Amino acid sequence: MQFRDLANGFARLEAAGGRLEAVRILTELFARTTPVELERVVYLLQGQLRPVYEGVEFGMAERLLVRALGRAYQSSEESVARQLARRGDLGLVAEALTEAPRRTRLTVGEVYRRLSDVAGAGGAGAVERRIKLLAELLRRCAPIEARYLVRIVQGRLRLGIGDATVIEAAAAGALGDRRHKGLIEKAYNVRSDLGGVVRLAYARGARGLAGITPRVGVPIRPALAQRLPSAQAIVTRLGRVQVEPKYDGFRLQLHRNGARVWAFSRRLENVSEMFPELTAALRRQLRVRTAILEGEAVVHDPATGRFLPFQVTMTRKRKHRVAEVAKRHPLRFFAFDLLYAAGRNYLPRPQAERSRRLAELLRTTPRGALCVTESRTTESGAELQSYFERMIRHGLEGVVAKRPDAPYRAGARGYDWVKLKRSYQSKLRDTVDVVLVGYLAGRGKRAALGVGSFLAAVYDPRRDRFRTVAKIGSGTSEAEWKALRARLDRQAVPSRPRRVDSAIAPDVWVEPKIVVEVLADGITRSPLHTCGRSGAEPGYALRFPRMLDGVRTDKAPEDATTEREVLQMYRMQRRAGASTKAKQRR
């Protein structure tokens, strides 16, 4: 495939009028590729060269891309920067600077190899080599090719699609009907390599996808828990449950294959070098040579045994001064699930069996960094409530109740696991993870901060979009407020992102990439927000939202609270309020 054809396909996606049109365009594009090209096209659609867990990055910030464009088109960096300020998009700047018309013979394969050379440049002089290689490639591009080449390197294609849309298109092309997307989605959840999974779907169809099993060194997308309002509601719905503490930590998967050990975040990033005490402990404490464990890493105070807040745990996610910070803030890893061990796939096995086998395989010692999380089984709402209250007194978030007979459903959110963090009363007592999609300029005292409020959204996985749910105007310190604004400015775009559904136009739009945690007083109906809006009915909004400390760097935008969860929380809030009023009348 010619790179020009791929760029034209990207342009059609960018101009598409809706999701179904985008699916059709992608399906047509996939049909024109060879198997090897197909895998690469999917990676490029994600704005990357390889799956996230392989950690292949271009290593070119905006200022380096400005230098590359200046060199490619014999223009000064100042001139390129001025055009960027005017257009707000380096891809459009590259397109405008490229001489036209230009006939090119660049193939997708050659562009992919050249970009791999850019990403692979290392050692002394790596920055200069990256700039040189990219400039040489840009000089060979036609205008439309230059637009998308720069955006690929930036990781900001602006096509208005996510992985869910790619999966739907692959289902239509490879399996004959986009409604078969669940087969591809299930395979992707177990083997988090979208390019490889789509290639397999086209090569071997449903049978090939069904054969995908866990592979050590490849992260499995984590299972997610639902919410219910009370201990009794959990027991009523699930019956007998296995209940475990809910730690406010950093969710990790630990993989071992002999002497080699990996640690993966919930965003599927390879973070092995950040947690050396955990990878070393896995070699010492695990009784088998191949396994995949899942659990929660929490910073603790060895002197008191108390767990420290999530914000302290997040300071361990770093690339520099790792040993120094590890000594000051040691981690304990509470393993709560076994996904694979000694050649056996444990995903389809019942929760009770997985937990029992985990306890057999992991040696727990008083000073070991790894331990198996405690659990108990009950079918009593009163006993579950008592255990929950005890966990709260110990400073934990709450509990997670699990069906003992349930398999591990990778990447799915269902009632096999239910979290109970706090009781729902007339006020919303749980936190919500939202994605920032823009901000409104500050006025009065806020003028110095540059931000009056942040526009926040939740995720709608069914339509692969983000729908607004709040304007956040309080929480965190002024310094953190300014730092967040600077971070958002790096994601700023000149118009509403395609995946954002908003009736509010902020002063600055940003790509939906940054997740923050919010506490609110409740959920209310709102004509201003699009979360849950249908036809002429109003949407739903958070009442008096306050931002809690820190960006949730451990969560991808698609990991944010979903629209369906917000509606569910609203219903639970109303039921709790009605119950309270009934008691008061009695």
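I'll go through the salt bridges in this structure, which is a predicted model.

The search over the whole structure gives 46 salt bridges. I'll take three pairs and one network.

Start with glutamate 168 and lysine 181. These two form a salt bridge, with their closest N and O atoms 3.8 Å apart. The cut-off is 4 Å, so the pair counts. Glutamate 168 sits in helix H10, residues 163–174, and lysine 181 in helix H11, residues 181–190, so the bridge ties together parts that are 13 residues apart in sequence. How exposed are the two partners? Glutamate 168 is buried, at 2% relative accessible area. Lysine 181 is partly exposed, at 31%.

Next, glutamate 565 and arginine 413. Their side chains meet in a salt bridge at 3.4 Å, N to O. This one links distant parts of the chain: glutamate 565 is in helix H20, residues 563–585, while arginine 413 is in strand E11, residues 413–420, and the two are 152 residues apart. Glutamate 565 is buried, with a relative accessible area of 3%. Arginine 413 comes out at 25% relative accessibility, and counts as partly exposed.

Third pair: aspartate 460 and arginine 465. Here the salt bridge has an N to O distance of 2.8 Å. Are these residues buried or exposed? Both aspartate 460 and arginine 465 are buried.

Last, the network. Which residues are linked in it? The acidic ones are Glu14, Asp89, Glu95 and Glu511, and the arginines are Arg147, Arg151 and Arg158, linked by salt bridges. As a general point, side chains of opposite charge can pair when their charged atoms come close.

Conventions. Residues numbered from 1 in each chain as written. Predicted model: local features only at pLDDT ≥ 70, side-chain atom pairs only at ≥ 80, totals over all residues. Heavy atoms only, no water. Helix = DSSP H or I, 4+ residues; strand = E, 2+ residues; numbered from the N terminus. Buried < 20%, exposed > 50% of the residue type's maximum accessible area, 1.4 Å probe, protein only.
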